[in-house]
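I sat down with this one and kept brief notes as I went. Here is what I looked up, in order.

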Amino acid sequence: IPTANKNYRFVLVDSFGCIVDTTLSVTVSIPKAVINGKTSICKYDTLVLTASKSGGVPPLQVSWPYFSSTADTVIINPIHSRSSYNIIVYVTDAMGCRDEDTLVVNVNTPPTVTLAPTGPYCETNSNVSLVSNANPKGGKWWGTGIINDSTFSPAIALKGTNTLAYTYLDTATGCYGADTLSVDVFGQPQADFTASKTIGLPNDTIQFVNITSNPNATTNRWDLGDFGKAGNIQTTVDAQHSYTDTGVYDVKLWVSNGICPPDSITKIAYIKIGSNYLLVPIVSKSTLHIYP
C-alpha cells in the first residue's frame with residue numbers, strides 16, 4: 001500500500017531480448033484531520049472544537065457525525081448531561097480519501113459550595129471573619145462590605161440586606177463552585193422626638209412624634225415625666241399624654257432595634273403646663289406712629 005507519492009518502473013523483456021521499459025507515477029492522497037479543543041471542561045461550560053485539515057487533494061470537507069455539522073468549528077453549549085464525550089471528526093478530500101481524528105472530553109462536576117448564615121449586625125460592630133461560614137474553605141468572598149477576601153465589615157456594608165457571593169476553585173479540575181449569602185446590617189438608632197406643643201394648660205393633650213434616625217427600632221419606651229400618672233410610660237412608636245397638673249416636665253425616649261446598642265434622649269423641662277407660661281410679656285413703650 002503506497003503511503004507517499006512514488007514513481008514505479010515497469011520493465012518487460014521477451015524471449016528475443018526486446019525490452020519494454022516504462023515508468024508510472026502514482027500520486028497518493030493523504031488528508032489529515034486533527035481536533036483542537038479542551039479535553040477537560042466543567043459541567044455547564046461551553047465546548048468549542050475546531051478541526052484542522054491538511055494534505056490530500058483540495059477541497060477538503062469537514063464532517064462532525066456526532067453533531068451533524070460540516071463547519072470547521074462546532075460549539076456545544078452547555079455541557080451538562082454527560083461525564084465524557086467521545087468526539088469524531090472526518091476530513092475528506094476531492095478524491096474521496098478520508099482521515100479521522102478522535103477526542104475524549106471529560107466533563108467535570110463543579111464543587112458544591114455551602115454557606116452558613118451569619119448576622120444580623122449593627123453598623124457599629126467590628127469586622128467579622130467569614131472563613132468558617134463557607135465550605136469548602138479556601139475560596140473568595142465578594143460584595144459590598146468584604147475586605148481581604150474573607151472579612152465582612154458592617155461599617156462599610158450597606159444598611160439593610162447585603163448579598164455576598166462566595167466562589168471556590170477546585171484546582172484538580174479547574175471548576176468553580178459558587179453560592180450567595182444575605183447579611184442584614186442595622187443602622188445605629190439615634191433617638192429623637194418632637195411634640196405638637198411644648199406649652200399648654202392642664203388637661204391639654206400633647207402628641208409626641210418619634211423622629212429617631214434609622215427607625216427600624218423594635219422597642220420604644222417613653223417616660224413622659226408625669227411620674228405616677230396613668231400613661232406616663234408608653235411603648236408605642238409615637239405617644240400622647242394629657243398633663244393634669246401645672247408644672248414642668250422632662251421627657252425621655254429610649255429606643256432599641258435589638259441588634260445595635262440602645263439609644264436614648266432626654267429633653268429637660270421640655271413640657272410646661274400652666275397659664276403662667278402662656279402670659280404675653282409686657283411690651284416696652286415706644287413712639288406711636290399713625291398713618292396716613
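What percentage of the 292 residues of the chain count as buried? I looked it up and got 30%. A reminder to myself: this is a predicted model.

Next, overall dimensions. I found a radius of gyration of 44 Å for the chain, where a compact globule of 292 residues would have one near 19 Å. Along the principal axes, the C-alpha atoms fill a box of roughly 165 × 65 × 30 Å.

Then I turned to the surface. The chain exposes about 17,600 Å², and I noted that carbon and sulfur atoms supply 54% of that area. For charges, I have 18 positive and 21 negative, with mean positions 3 Å apart.

On to secondary structure. I listed 26 strands and 0 helices. I also checked the contacts between residues at least 6 apart in sequence: 55% of them join residues at least 24 apart.

One sheet got a closer look. Which order do its 5 strands take? I read β20-β26-β25-β22-β23, an open sheet with mixed pairing. At its edges I found β20 (199-200) and β23 (233-234), each pairing on one side only. A note on background: strands of a sheet pair through backbone hydrogen bonds, either parallel or antiparallel.

Last, I followed one pair within that sheet. How many bridges join strand β25 to strand β26? I have 8, between residues 247-256 of β25 and residues 263-273 of β26, and the two strands run antiparallel. For a landmark I picked Leu253, which stands opposite Ile265 in β26.

Terms used: Residues numbered from 1 in each chain as written. Predicted model: local features only at pLDDT ≥ 70, side-chain atom pairs only at ≥ 80, totals over all residues. Heavy atoms only, no water. Helix = DSSP H or I, 4+ residues; strand = E, 2+ residues; numbered from the N terminus. Rg over C-alpha atoms; globule rule 2.2 N^0.38 Å. Buried < 20%, exposed > 50% of the residue type's maximum accessible area, 1.4 Å probe, protein only. Contact = heavy atoms within 4.5 Å. Areas by Shrake-Rupley, 256 points an atom, 1.4 Å probe, with all protein chains shown as cover. Lys, Arg positive; Asp, Glu negative; His and termini not counted. Charge placed at Lys NZ, Arg CZ, Asp CG, Glu CD. Pairing = 2+ DSSP bridges.
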